[in-house]
Amino acid sequence: MNEKRAWWKESVVYQIYPRSFSDSNGDGIGDLNGITEHLPYLKELGIDVIWLSPIYKSPNDDNGYDISDYREIMDEFGTMDDFDRMLARSHELGLKIVMDLVVNHTSDEHPWFIESRKSKDNKYRDYYIWKDGKGDNPPNNWQSLFSGPAWEYDETTGQYYLHCFTKKQADLNWENEKVRNAVYDMMTWWCDKGIDGFRMDVISMLSKDPDYPDGEVTDGIYGDLMPYVCNGPHVHEYIQEMNRRVLSKYDIMTVGEAAGVTIDEAKKYANSEGSELGMVFHFEHVNTDATTTPILGKWGYDHPDLKKLRPILNKWQLELEGKAWGSLYWDNHDQPRAVSRFGNDSEKYRVVSAKMLGTLLHMMKGTPYVYQGEELGMTNMVFTSPDDCKDVEEINAYRQYVTEHKMISSEVMLKCFSAVARDNARTPMQWNADKNAGFSTGTPWIAVNPNYVTINAEAAMADKDSVFYYYQKLIRLRHENDIIVYGQFRPLLEDSGEIYAYERTLDGKVLTVACNWTENTVSCDLFDPLAGEELISNYSEHIKGMLQPYEARVVLS
Ligand code: GLC
Ligand code: CA
């Protein structure tokens, strides 16, 4: 085995979006006590690690990704005592807790920013990125990632501050050593509390191009900032410093959300020597539907084509081998539901295609992530009105493209939202068939998907053929078979437009995995004459030389 063992390589992570997970006090908003209540459910599923989307104090312009105090809990989510109880209970059950670390920016309501905007000579001025405008215009043409300009004019001092996301998310100035020290102190404080790691929000964006050049204008309005804010000149220096000062002192797991990351960059962020992070999330496979979009950017709604997806999946498996650890995911709180996007959420194929997707991902090399409700095969919403949108990204995009610039119709924008909007993943967790899917006794902050009557945890746990039990088995298999964690990856059937297949090898054993990406029965010669033990399949009977609609098979020989 050419890979160093680590607990986080052998783990499966479950992401909780606390706002939508479980509401314990009937105010319509999920909370920490709601999570604690449901820890036994996660134990039953078999996952090892829980990643919590941000739970810190926040005015919630971007649902907690805009933090106003890193050492306090968001009012709606509970108290620090609730947190400590949740952490202790998780540890008792053998579950680890990974916190979201959002340090590219803070809320404009963070005391640092409140000070910073007061005057040019304020002690906190340099905590953020302030620039003079160009005449009456902002310092450059960058568009924020949530629409509109990336610069906000502040009258008090007559300068602009940078915000790559909303104007309530001001970018911190990582060139300032005081900022870095303050962040490391805060991280140390949480580690000393006993948490088990960090998921680092847009960590690839810490270092900006010092020239702040205009970006390429692709939608006729603003310029693209990505090339100038991702993987900037000092980013690895900062992360190595963070590693020396904090990460290396604890046995924790780290995963960086690395917008704009290439494989070469990923090899640095997640290098096997361990001088930076454990692993990173890349975005290539979740961007394959964004190309034929009627407007630009992410709002595409074509079903991802296996021919486009395959080279991306293969490349990340092959090129990280032995050099860096990878992470595996289909969805999260920023992506639509996996089964609706990559599988088939019709009544006929939802369960079988959700299982196929789970197989494809969980048998690959890297640490798998399950997003809340994915284990139930939860689906996208249908957006029929802009009032359905709660997410600031959707609200701003609608305003910019539909209302202000009239570039596309409301109908098309809503079609885009129904396919890829983040709110698809943020509808409440479907626990049972009771009112509000058992999520809340009050009025949920976001509408429940009406299909909760049939798709819910209680129903899944009463059905031995459910997606839940299939995921439970996938997770157990990973714990029982080193080959699934550490085996080397080799692509198979590379010319197929219908089947995604690969093998994993370790110590003379071979794991063969094949997944039919389509609703047709297609021929597949991988399994006959293959002798071996079938570890898992979403069909109990096979047809010789064929794979049935969305069939997945895994054989160990
Ligand atoms: C990350 C988060 C996303 C958030 C953004 C700004 O991409 O996952 O939810 O809106 O960063 O913090
Ligand atoms: Ca609540």
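Start by selecting Arg 199 and ligand 1 in this predicted model: an N or O atom in the side chain of Arg 199 is 3.0 Å from an oxygen atom of ligand 1. Next, add Asp 62, where a side-chain N or O atom is 2.5 Å from an oxygen atom of the ligand. Then add Arg 422, which has a polar side-chain atom 2.9 Å from an oxygen atom of ligand 1. With these side chains displayed, turn on the surface: of the 300 Å² of accessible area that ligand 1 has on its own, the protein covers 96%.

Now show the whole shell. Ligand 1 is surrounded by 14 residues, and the closest are Asp 62, Asp 201, Glu 257, His 333 and Asp 334. Coloured by residue class, the shell divides into 7 charged, 4 nonpolar and 3 polar residues.

Zoom out and colour by domain. Domain 1 is made of the segments 13-106, 177-382 and 428-473, while domain 2 runs over 111-170. Both domains give residues to the shell around ligand 1, so the ligand lies between them.

Move on to ligand 2, a calcium ion. Select Asp 23, Asn 25, Asp 27, Ile 29 and Asp 31, which coordinate the ion at 2.3 Å. Ile 29 contributes its O atom, Asn 25 its OD1, and Asp 23, Asp 27 and Asp 31 each an OD atom. Along the chain, the donors follow the spacing D-x1-N-x1-D-x1-I-x1-D.

Which of these donors should be compared for burial? Take Asp 23 and Asp 27: Asp 23 counts as buried, because its relative accessibility of 8% falls under the 20% cut-off. Asp 27, at a relative accessible area of 36%, is partly exposed.

Finish with the cysteines. How many disulfides does the structure hold? There are 0. Select Cys 416, which is in no disulfide: the nearest cysteine sulfur belongs to Cys 389 and is 11 Å away. Cys 416 is buried, with 0% relative accessibility. Then go to Cys 524, also in no disulfide, where the nearest cysteine sulfur is that of Cys 515, 9.9 Å away. Cys 524 counts as buried too, at 5% relative accessibility.

Technical notes
Residues numbered from 1 in each chain as written. Chains lettered and ligands numbered in written order. Predicted model: local features only at pLDDT ≥ 70, side-chain atom pairs only at ≥ 80, totals over all residues. Heavy atoms only, no water. Near = heavy atom within 4 Å. Polar contact = N/O pair within 3.5 Å; in protein donor to acceptor, adjacent residues only side chain to side chain. Areas by Shrake-Rupley, 256 points an atom, 1.4 Å probe, with all protein chains shown as cover. Nonpolar A, V, L, I, M, F, W, Y, C, P; charged D, E, K, R; others polar. Domains from an automatic or database assignment. Donors = N, O, S within 2.8 Å, 3.2 Å for Na, K, Ca; no water. Buried < 20%, exposed > 50% of the residue type's maximum accessible area, 1.4 Å probe, protein only. Disulfide = S-S within 2.5 Å.
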